[in-house]
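Reader: I am new to this structure. Please take me through it, with a close look at the largest pocket and what surrounds it.

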Amino acid sequence: MKLSNFFIPTLKETPSDAVIPSHVLMLRAGMIKQLTAGVYSYLPLGLRVFRKIEGIVREEMNRIGCNEFLLPALSPNELWQESGRLDFYGDDIFRIKNRELVLAPTHEEVFTSIAKPSLVSYRNLPQMWYQIQTKFRNEPRPRGGVLRARQFTMKDAYSFDSSWEGLDRSYNLQREAYIRIFTRCGLKFFSVTAFNGGMGGNESEEFMVESQFGEDMVMISEDGSYAANIEVAVSESVHVARVGSNLMHEKFHTPGVKSIEELAEFLGITDKSRLAKSRMFVVPPSGEAEKEKYVLTLVCGDDEVNEAKLFNIFPNIRPAHPDELKSITGADAGSIGPLGLKSSDVIITADIRLKDADELISGANENDYHIRNIDLKRDVDGIRYEDIRVVKHGEKTIDGKSTLRESRAIEVGHIFKLGTVFAERLGAYFLDEKGEQHPLIMGSYGIGIERIAAAFIEQNHDKDGITWSGEISPFLINLISVNPRSEKVKAESDRVYSELLSGGYEVLYDDREDVSPGVKFKDADLIGIPLHIIVSEKNLQNNEIEVKFRKNGQREKLNSDEIINRLPNFLKNI
RNA sequence: CGGGAUGUAGCGUAGUCCGGUUUAUCGCGCCUGCUUUGGGAGCAGGAGGUCGCAGGUUCGAAUCCUGCCAUCCCGACCA
């Protein structure tokens, strides 16, 4: 490709809207251009990278016997009502105003609707289907360029099995394909156990790239034996010891005390573990016959409730609104607790750290009053103990052998075992060997195409620009004709270019005549193609041309035929 | 949706507090000519603006007031 007719609008200055390195560099290297918040045009150079990533994904999906589809982005409301997700997604789904259609944010429904009339016998199973397609999500806050966009490309795959063992096999095939994909893309990555998002199913793993600009918090053990999204992470639980004094609980006046910090200060203590922190949640009714339920959570004063963990115990749970709080407890936030609740429909759930703890202090469900000497074992009937707290940096792993470190990461892929939720909701059943009907057992597997590119750039850049390597580089070689106005230089660069092309190399040829050498070198470093070949008057006097490795800046001057002969070796080292 | 910030040419910006020699600043980029060609060239000339939008105050508004819109950041949210 000749740069003189390839459109790469590089920018000398950092656009003021971009903050994180991958976003800045994608804009500066002319890969993408923002159209509106969270929506990007892919320019020729960026598209080349995204297409390469798609190519790798496609190869690895095909390798495991996954069938490529291409489904529409437009999708009838009816289908989403059937699965219950029109309401579930709420404002996050784009709706078409003049038709009963949505722009699909994902494709479980549509794929299942295809499976339903076709995968009707165990003889049709298993099947694995995928597509690489544009997704639309009305993200409340897009950020980081293509890291979180409202329109983006996703590889989404779905498996259909007739048994749970079959699901395990499909899941593992996908899992292995993911490892090959991210490895081929040149990412340093790891996987973590993850939140299933409340969509049912059991096992779920996210593929993560560690980055200070990532949106996910993960807990990683120092010995590498454990990694989990903070939403599900567990640690060795340090129990609050039972004192056994059997002191009677008593109410006391705490004027103006609203937070655990204020309570600790009021009491003049620093250890907050016995200050039981209470929060009220509401569980919506799951069926017509059911009533709304309330859940009061208790964690140590120095802990936080993990709402994702809570969601797994109580589906669709949400925090109570202030007015609900008042009517359920009789008090406002800051004064609520497990004793003396106004409503009798409250399930009290304490974190396992507080199992059978006593001498606790909590709100009295009366503004400006707290109660001391609460004994959960003695005073709270029907209390449940669950792991509902957020794990903290520096805690021990659950086996006590290593220490957990908190880190940020970019999620580039997510695989999980959906189970039968969708098949049941959409009525996709098959007959087994005995003629019995069962719902299809599904798995769902996603990869963010642009996110891989962004994550790669986060891991591979320096002060001058991107440092591509491996299979996703837009080109392998950047041929720079330092001064093509010189007949000699032009003739030799043209000759080298055609030799490289006939050798099957992907070459970006900077043949621009009206641009100074400095601009060419700066652009080459910014775009970051791994190997530069430089043809200049100076070197030609010694009958030489030059190779430069973008990443480490190493250079070598040699006769041009020799360079071309040694290219396979040079390219091995990038 | 809460909190913060910003909006001036393709990009980056000065001016805004304290309204008036402002014909809106400067750099990059762009156009023309000449020179230049190993790290974002030099000289000369030139084009390019509803100062986000709408209203208001005023003799006079980029500047003050009101409303709206857009973009970014933090948070909430994000199977």
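Author: Of the 574 residues in chain A, 52% are buried. The model is predicted. Its secondary structure comes to 16 helices and 31 strands. Along the principal axes, the C-alpha trace of chain A spans about 100 × 65 × 50 Å. Now take the contacts in chain A between residues at least 6 apart in sequence: 70% of them join residues at least 24 apart.

Now the pocket. The largest pocket holds about 1,500 Å³ of space. Its lining counts 49 residues. Which of them lie nearest its centre? They are Tyr89, Arg137, Arg148, Glu411 and His414. Several elements give two or more residues to this lining. Two are helices: helix 4 (85-89) and helix 12 (449-459). The others are strand 8 (151-161), strand 11 (216-221), strand 21 (404-419) and strand 24 (441-448). Strand 21 gives the most, with eight residues. Sorted by class, the lining of the largest pocket has 23 nonpolar, 12 polar and 14 charged residues.

There is enclosed space too. Rolling a probe the size of a water molecule over the atoms shows where empty space is left. A search of the whole structure finds one cavity of 30 Å³ or more. The largest cavity has a volume of about 30 Å³. Its lining is made of Leu3, Asn478, Ile480, Asp510, Lys520, Asp523, Ala524 and Ile527. Strand 27 (477-481) and helix 14 (517-527) each give two or more residues to that lining. Helix 14 gives the most, with four residues. By class, the residues lining the largest cavity divide into four nonpolar, one polar and three charged.

Next, the start of the chain. Helix 1 covers residues 21-28. Is helix 1 mostly covered or mostly open? Mostly covered: seven of its eight residues are buried. The buried residues are Ser22, His23, Val24, Leu25, Met26, Leu27 and Arg28. Gly30 follows helix 1, and the phi of Gly30 is positive, near 70°.

A hairpin is next on the tour. Strand 1 (residues 32-36) pairs with strand 2 (residues 39-42). The pairing is antiparallel and runs over four bridges. Within it, Gln34 of one strand faces Tyr40 in strand 2. Two residues lie between the strands of this hairpin. There Gly38 takes a positive phi, near 75°.

Further along comes an open sheet. It has five strands, in the order 16-14-15-17-20, and the pairing is mixed. Strand 16 (318-319) and strand 20 (384-386) are the edge strands, and each pairs on one side only. Inside the sheet, strand 14 (residues 277-283) and strand 15 (residues 293-299) run antiparallel. Seven bridges join them. Phe281 stands opposite Val295 in strand 15. In a regular strand the side chains alternate between the two faces of the sheet.

One residue leads back to that sheet. Glu324 sits in helix 9 (residues 322-329). Its relative accessible area is 16%, so Glu324 counts as buried; the cut-off is under 20%. What does Glu324 touch, once its neighbours within four places in sequence are set aside? Glu324 is in contact with Val282 and Arg318. The side chains of Glu324 and Arg318 are also joined by a polar contact of 2.9 Å. Val282 falls in strand 14, which covers residues 277-283, and Arg318 falls in edge strand 16, which covers 318-319.

The last stop is toward the end of the chain. Leu558 belongs to strand 31 (residues 555-558). Its relative accessible area is 12%, so Leu558 is buried as well. Leave out residues up to four places away in sequence, and Leu558 touches Asn543, Glu544, Ile545, Ile563, Arg566 and Phe570. Leu558 and Asn539 are 19 residues apart in sequence. In space they are 9.0 Å apart, C-alpha to C-alpha.

Back to the pocket for a final look. Keep strand 21 in view, since strand 21 gives the most to the lining of the largest pocket. Then find Tyr89, Arg137, Arg148, Glu411 and His414, which lie nearest the centre of the pocket.

Key:
Residues numbered from 1 in each chain as written. Chains lettered and ligands numbered in written order. Predicted model: local features only at pLDDT ≥ 70, side-chain atom pairs only at ≥ 80, totals over all residues. Heavy atoms only, no water. Buried < 20%, exposed > 50% of the residue type's maximum accessible area, 1.4 Å probe, protein only. Polar contact = N/O pair within 3.5 Å; in protein donor to acceptor, adjacent residues only side chain to side chain. Contact = heavy atoms within 4.5 Å. 1 Å grid on protein atoms, 1.4 Å probe; cavity = no way out; pocket = protein on both sides within 12 Å on 5 of 7 lines; lining within 4 Å. Points joined across faces, edges and corners; volume = space filled by probe spheres on them. Nonpolar A, V, L, I, M, F, W, Y, C, P; charged D, E, K, R; others polar. Pairing = 2+ DSSP bridges.
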